[in-house]
Amino acid sequence: MGTCRRCNKSSITISNTLGYCAECIRTHFDEVWPHMGKVHEESRRRFRLPLYAPKDPYGLECRGCVRDCQIGKGKLGYCGIRRNDQGRLKGGRPHEGNLYFYYDALPTNCVADWVCPAGTGAGYPTYAIREGPEYGYYNLAVFYHACSFNCLYCQNWNFKKRTFSKTRLPAKDLAGAVNDRTTCICYFGGDPTPQILHAFTASRLAIKATRGRILRICWETNGSMDERFLKTMAELSLRSGGCIKFDIKAWSKDIHMALCGVTNKRTLDNFEKLAVRIHKRPIPPFLIASTLLVPGYVDEREVEGIAKFISSLNPDIPYALLGFYPHFYMRDLPPTSKRHAMRCKEVAEKAGLRNVRIGNIHLLSTYY
Ligand SMILES: [Zn+2]
């Protein structure tokens, strides 16, 4: 049970760590931000990550993501990967991937599994091996150890311990990990954004080496990359039968800021730009959205805003609502309840979306 420091309301869905209820965040953001900003700082100090995006007027512009870091000599970008090494921008380049990879048996628990070729055979025979799930084949799951966001509920936060790992995997070695049972590569993390150049090279090399057979290129991302990367991401996925999965974390800019420490504007702009390309390959779906239902914060209002936005672009874009599990700085919240998930599904469908699905159903609770 948590209590809002501003309105004194108590609820199982108020996080004491964050300190405030969703309503106070939406209506009195400037008043409540200083405390929440400190929580974000603390969550980064622990891992020796920069507390803020550097803005050194004499520094190098990273131009990788929404953070717009200007990195001074000897300093790190917000993600902890990109850095200014004696006037040269390093980190995340094709020969220096900081990641781990594994083979995930298909059909896997991918965000898009209910619509993608690996899970359903959509796009067979051009993009899928068979008409149903691709049993016997594997996804090459590529987990990048850095992120451009700072979600206090991060479901994969252990990667932060490895952002400064010295181990590097060149793109050509990652591409070499694709074998004759691999039918898709999925870049996630953390987020692929800070190391997107590495992912581009690995994808090109892997496609070249497997020419003539199916190898889909997919992304699971917060969507914060610089706009100039969208075209390459889209082309790699469109041609290969892969998809781009955007995790849209909140609709209200204030809730997004409170939870993720950054604006959602870039993510929404990028999503809109990608939606224009959907007609180039309607089957299997090229663009997919998801939202993690954080109890008390990512509520029906947030989902309604996101769903209306997606629906205005194209009502056939598949939308997955995902169950939250208490992690990282929001361990004082319960897992997403069935009721919360069902209500959000209803709201999203009412907003006009034709393909809404509740994912990780096994995580749902009856706590609230
Ligand atoms: Zn309140």
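## Helix α5

At 1.5 Å a residue, the 14 residues of α5 should span 20 Å (the expected span being 1.5 Å times one less than the number of residues), and this agrees with its end C-alpha atoms, which are 20 Å apart. Helices here are DSSP runs of H or I with at least four residues, and strands are runs of E with at least two, both numbered from the N terminus. The model is a predicted one, in which local features need pLDDT of at least 70 and side-chain atom pairs count only at pLDDT 80 or more, while totals for chains, interfaces and linings use all residues. Residues are numbered from 1 along each chain as its sequence is written.

Among the buried residues of α5 (buried meaning that 20 or more other C-beta atoms, placed from the backbone, lie within 10 Å of the residue's own) are Ile 196, His 198 and Ala 199. Seen down the axis of α5, the buried residues fall within an arc of 145°, so they line one face of the helix; the arc is that of the directions from the helix axis to the C-beta atoms.

## Helix α6

In α6, which covers residues 230-240, the buried residues are Met 233, Ala 234, Leu 236, Ser 237 and Ser 240. They fall within an arc of 165° when seen down the axis of α6, so they too line one face. After α6 comes Gly 241, whose phi is positive, near 90°.

## The sheet

An open sheet of mixed pairing is formed by 8 strands in the order β7-β8-β9-β10-β11-β12-β13-β14, where two strands pair if DSSP finds at least two bridges between them. Because β7 (99-105) and β14 (356-358) stand at the edges with a single partner strand each, one side of each is left without a neighbour in the sheet.

Definitions and conventions
Buried ≥ 20, exposed ≤ 12 C-beta atoms within 10 Å, placed from the backbone.
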